[in-house]
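Visitor: I'm new to protein structures and would like a close look at one part of this one. Could you take me through it, and then show me a little of what lies elsewhere?

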Amino acid sequence: MPEDVQDLILKAAEKEFAAKGFNGARVDQIAKEAGVNKALLYYYFKSKQGLLSALYERLINKGFTTLEFEKLAKTDIAHNPEGFADFYHRLLHFFEPYRDILRILMMESVKNEGEKPILELARIYLDGRAADVVDKMQEHGFHTDADRTQWAVTEFFTGMIPFVCYILFKEDVAQLLKVDPEELDTYFMRSIETTHLRSHQTEEK
């Protein structure tokens, strides 16, 4: 099945990118690891950049299917921020194993030229699945700006980017501050609750 072949290629690509970074990764090695010829790899993914984009898309799709967004949609975060904090903890644990892929995403995005793979994460806010969850959450006290462009900007720059940076630098910051990484999670969540979460809480009249 083509899906199985593509999955083998993507697993091999993730391994190669994690070990060598984007520039160091070799398509020949990815094809060899996947047990396919290079022509077939290019048939499905067109280029090394195409492989990386497909990895991000697969990661996002996996997130939608495993992070229980429906549970979050039923959480009354206006009066129960612990539910939102619980979701963020699960989000951290989900993304931490993909730290190397996120690092490549950031490094490639800050280059002066070329594609900006960080936009793969920004596209989450254009995804109909995300809009459906937000609509359901609004029924339980979850506030978002009526202007969906403003909502996407708030989510991306005050939620997504700090979150990705935390995953990338968590170990280094924990060492610098001489605290246990798990303890640092508590500090990070406290910051999220006093900044990003505020944008989703309806002000009391």
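Guide: Let's begin with L177, which sits in helix α10, the stretch covering residues 148-177. Keep in mind as you look that this is a predicted model. L177 belongs to a nonpolar patch on the surface, and its partners there are F169, V173 and L176. Together, these four residues make a patch of about 400 Å².

Now let's turn to a pair of helices. Helix α2 spans residues 27-34 and helix α3 spans residues 38-45. Their axes come within 9 Å and cross at roughly 100°. Angles from 65 to 115 degrees count as roughly perpendicular, so that is how α2 and α3 lie to each other. On the α2 side, the contact is made by V27, D28, I30 and A31, while α3 brings K38, L41 and Y42. Sorted by class, this contact has five nonpolar residues and two charged ones, with no polar residues.

Charges lead us to our last stop. Side chains of opposite charge can pair when their charged atoms come close. The count here comes to nine salt bridges. One salt bridge joins the side chains of D7 and R58, with 3.0 Å from N to O. D7 lies in helix α1 (residues 2-24) and R58 in helix α4 (residues 48-66), so this pair ties together parts that are 51 residues apart in sequence.

Note on methods: Residues are numbered from 1 along each chain as its sequence is written. This is a predicted model: local features need pLDDT of at least 70, side-chain atom pairs count only at pLDDT 80 or more; totals for chains, interfaces and linings use all residues. Side-chain values use heavy atoms; hydrogens and water are left out. Patches are made of residues with over 30% relative accessible area and no salt bridge: like charges are joined within 9 Å, nonpolar side chains (Val, Leu, Ile, Met, Phe, Trp, Tyr) within 5 Å. Accessible areas come from the Shrake-Rupley method with a 1.4 Å probe; for residues, only the protein chains shown count as cover. Helices (H or I, at least four residues) and strands (E, at least two) are DSSP runs, numbered from the N terminus. Axes are lines fitted to C-alpha atoms, for helices over the stretch in contact, and angles run from 0 to 180 degrees between N-to-C directions. Angles under 35 degrees count as roughly parallel, over 145 as roughly antiparallel, 65 to 115 as roughly perpendicular and the rest as oblique. Contact means heavy atoms within 4.5 Å. Ala, Val, Leu, Ile, Met, Phe, Trp, Tyr, Cys and Pro count as nonpolar, Asp, Glu, Lys and Arg as charged, and the others, Gly among them, as polar.
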